[in-house]
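Colleague: I'd like to learn how to read a model like this one, feature by feature. Can we start with the ligand site and then work outward?

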Amino acid sequence: MTRRVGEAREPLRGELTVPGDKSIGHRAVIFGAIAEGPTRVHNLSGGEDNRRTVEAFRSLGVPIRSEGGALWIEGRGFEGLKAPAATIDCGNSGTTMRLLSGVLAGRSFESRLDGDDSLRRRPMRRIIEPLALMGARIESRDGSGLAPLRIHGGALKAIDYRMPMASAQVKSSILLAGLQAEGVTTVTEPQLSRDHTELMIRGFGGEVSAEGTRVSVRGGQRLRGREVRVPGDISSAAFFLVAASIVPGSEIVIREVGINPTRAGVIEILERMGASIERLEPRVETGEAVADLRVRYRPLEGVDIGPEFSARTIDEYPVLAVAAAAARGTTAMRGVKELRYKESDRIAAMTEGLRRLGVEVEERDDGMVIQGRGRLRGAAVRSFGDHRVAMALAVAGLVCDGGAEIDDAGCVAISFPGFFELLDGLRSQ
Ligand code: S3P
């Protein structure tokens, strides 16, 4: 499906909510399934990725039903998981595949995980290696470290593991295996990645210790089911933070957005670029920081975004690249090679997209240098089937002379069904 986004001739106005946080949603389902007793999850995103995790646990024998707008999960502990009858299809979702591998590494049955073409290209050795050190046997396609994976789980022993990259998926996979291992498992990251798994372990009555970038968990703990309210996804809100910041005269409020500090780099960077973002009614819901965000148009300036931002901003670089293109001056993004291993190679995808829109972009191995030009040139652009690239380029369309046309735009449903309708709604107020 090709989608046209016309240039915005009027300011964006209105209030909106975005879907539940995708990362927290995956974890709410996983912890509900491995805990004992019922868990009720409110505001789970209707996106494709979270649905994959729900389906995966159904195929592992966990009763999960929707009722009254919430998801009910009847967890029976790790022991309650049963061998799946067929290969588990993780679709486009790296989080499903990597976190599920950590769960299955400790189960004494064989399971197979597969995904779509994008997921089959993404590196899995980063979880295979530590899980193998703990005692699991995981085979990848021809030993390439790529999916499909075949997991022979069983008794695990704790490890003290130093991760080569900052990655919440890898950290979480190891912690989920660690909860089933004998002894205390410790992971250390080069930079602190999102800590939703750590917060969720505590929320479900478990213990986890975290000191800087070092996290430890004891195996054999009992987790208890609970009620979880998933906050709005800051990674989805980011498209609107940028949209309202670059369309002159705009003012919008995004309700109930998760602003966990390990995720909120995008707000910090936009503020450094000159954006006006107010945090209204900051509060804590199910252990996660939440606020309403009011964004008003302000002209943006280019900035230097160093590697220290990478972990807490990782999914927002595509839309930040659009903010940079619409800003005045130069923006450099450095130390983000991880962007090349996402749903698409996001450095290559955004370089191509922005160049088509007339922006001067220098592509680097681990980042981009973008020359801001204010208004962009209308053109047809490619999403590469990547939901965040599609939505970032849609936001760019708002400031293109003549708008932009995004190919394969249906992929936004991976994380944000209804994105285009919500954007349209802000234009007609
Ligand atoms: C996620 C972690 C990040 C992020 C992804 C979701 C998670 O991936 O890009 O969208 O839920 O743990 P990495 O751990 O590979 O950096």
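Modeller: Sure, and the place to begin is that the space taken by the ligand is the largest pocket. A pocket, on a 1 Å grid over the protein atoms alone, is an open set of points where a 1.4 Å probe fits, with protein on both sides within 12 Å along at least five of seven lines. A molecule sits in one if more than half of its atoms lie within 2 Å of its grid points. Before we go on, keep in mind that this is a predicted model, where local features need pLDDT of at least 70 and side-chain atom pairs count only at pLDDT 80 or more, while totals for chains, interfaces and linings use all residues. Residues are numbered from 1 along each chain as its sequence is written, and side-chain values use heavy atoms, with hydrogens and water left out.

Colleague: Which residues are around the ligand?

Modeller: For a residue to be near a molecule, one of its heavy atoms must lie within 4 Å of it. Here that gives Ser23, Arg27, Thr95, Arg98, Ser167, Ala168, Gln169, Arg194, Ile314, Asp315 and Lys342. By class, this shell divides into two nonpolar, four polar and five charged residues. In that scheme Ala, Val, Leu, Ile, Met, Phe, Trp, Tyr, Cys and Pro count as nonpolar, Asp, Glu, Lys and Arg as charged, and the others, Gly among them, as polar.

Colleague: Which helices each supply at least two residues of the shell?

Modeller: Helices are DSSP runs (H or I, at least four residues), strands are E runs of at least two, and both are numbered from the N terminus. The helices in question are H1 (22-34), H3 (94-104) and H6 (168-178).

Colleague: And how do I read the polar contacts of the ligand?

Modeller: A polar contact is a pair of N or O atoms within 3.5 Å; within protein, one must be able to donate a hydrogen and the other to accept it, and residues adjacent in sequence count only if both atoms are side-chain atoms. A ligand oxygen is 2.6 Å from an N or O atom in the side chain of aspartate 315. The side chain of serine 23 has an N or O atom 2.7 Å from a ligand oxygen, and for lysine 342 the distance is 2.7 Å. Taken alone the ligand exposes 380 Å², and the protein buries 95% of that. Those areas come from the Shrake-Rupley method with a 1.4 Å probe; for residues, only the protein chains shown count as cover.

Colleague: Is isoleucine 314 buried or exposed?

Modeller: Buried means under 20% relative accessible area, exposed over 50%, and partly exposed in between (1.4 Å probe, protein chains only). Isoleucine 314 comes out at 14%, so it counts as buried. It lies in the loop between helix H10 (310-313) and helix H11 (317-326).

Colleague: What about whole helices? Why is H3 largely enclosed by the rest of the structure?

Modeller: Because eleven of the eleven residues of H3 are buried; Thr95 and Arg98 are among them. Helix H13 (residues 387-397) reads likewise: eleven of its eleven residues are buried, so it is largely enclosed by the rest of the structure. At the start of H13, a side-chain oxygen of aspartate 386 comes within 2.9 Å of the backbone nitrogen of arginine 388.

Colleague: What does lysine 171 contact with its side chain?

Modeller: Lysine 171 is found in helix H6 and is buried, with a relative accessible area of 1%. Its side chain makes a polar contact with the side chain of glutamate 189 (3.2 Å). A polar atom of that lysine 171 side chain also lies 3.1 Å from the backbone oxygen of arginine 194. For another case, take serine 235 in helix H8 (residues 234-246): its side chain makes a polar contact with that of glutamate 316 at 2.8 Å, and serine 235 counts as buried at 1% relative accessibility.

Colleague: How should I read the backbone angles?

Modeller: Most residues other than glycine have a negative phi, and most peptide bonds are trans. In this model, a cis peptide bond joins alanine 147 and proline 148, with omega about 5 degrees. Proline 148 is in the loop between strand E8 (137-139) and strand E9 (149-152).

Colleague: Where does aspartate 142 lie?

Modeller: In the loop between E8 and E9. Aspartate 142 has a positive phi of about 50 degrees although it is not a glycine, and it counts as exposed at 77% relative accessibility. Phenylalanine 384 has a positive phi too, about 60 degrees. That phenylalanine 384 sits in the loop between strand E22 (376-381) and H13, and it is partly exposed at 37%.

Notes. 1 Å grid on protein atoms, 1.4 Å probe; cavity = no way out; pocket = protein on both sides within 12 Å on 5 of 7 lines; lining within 4 Å.
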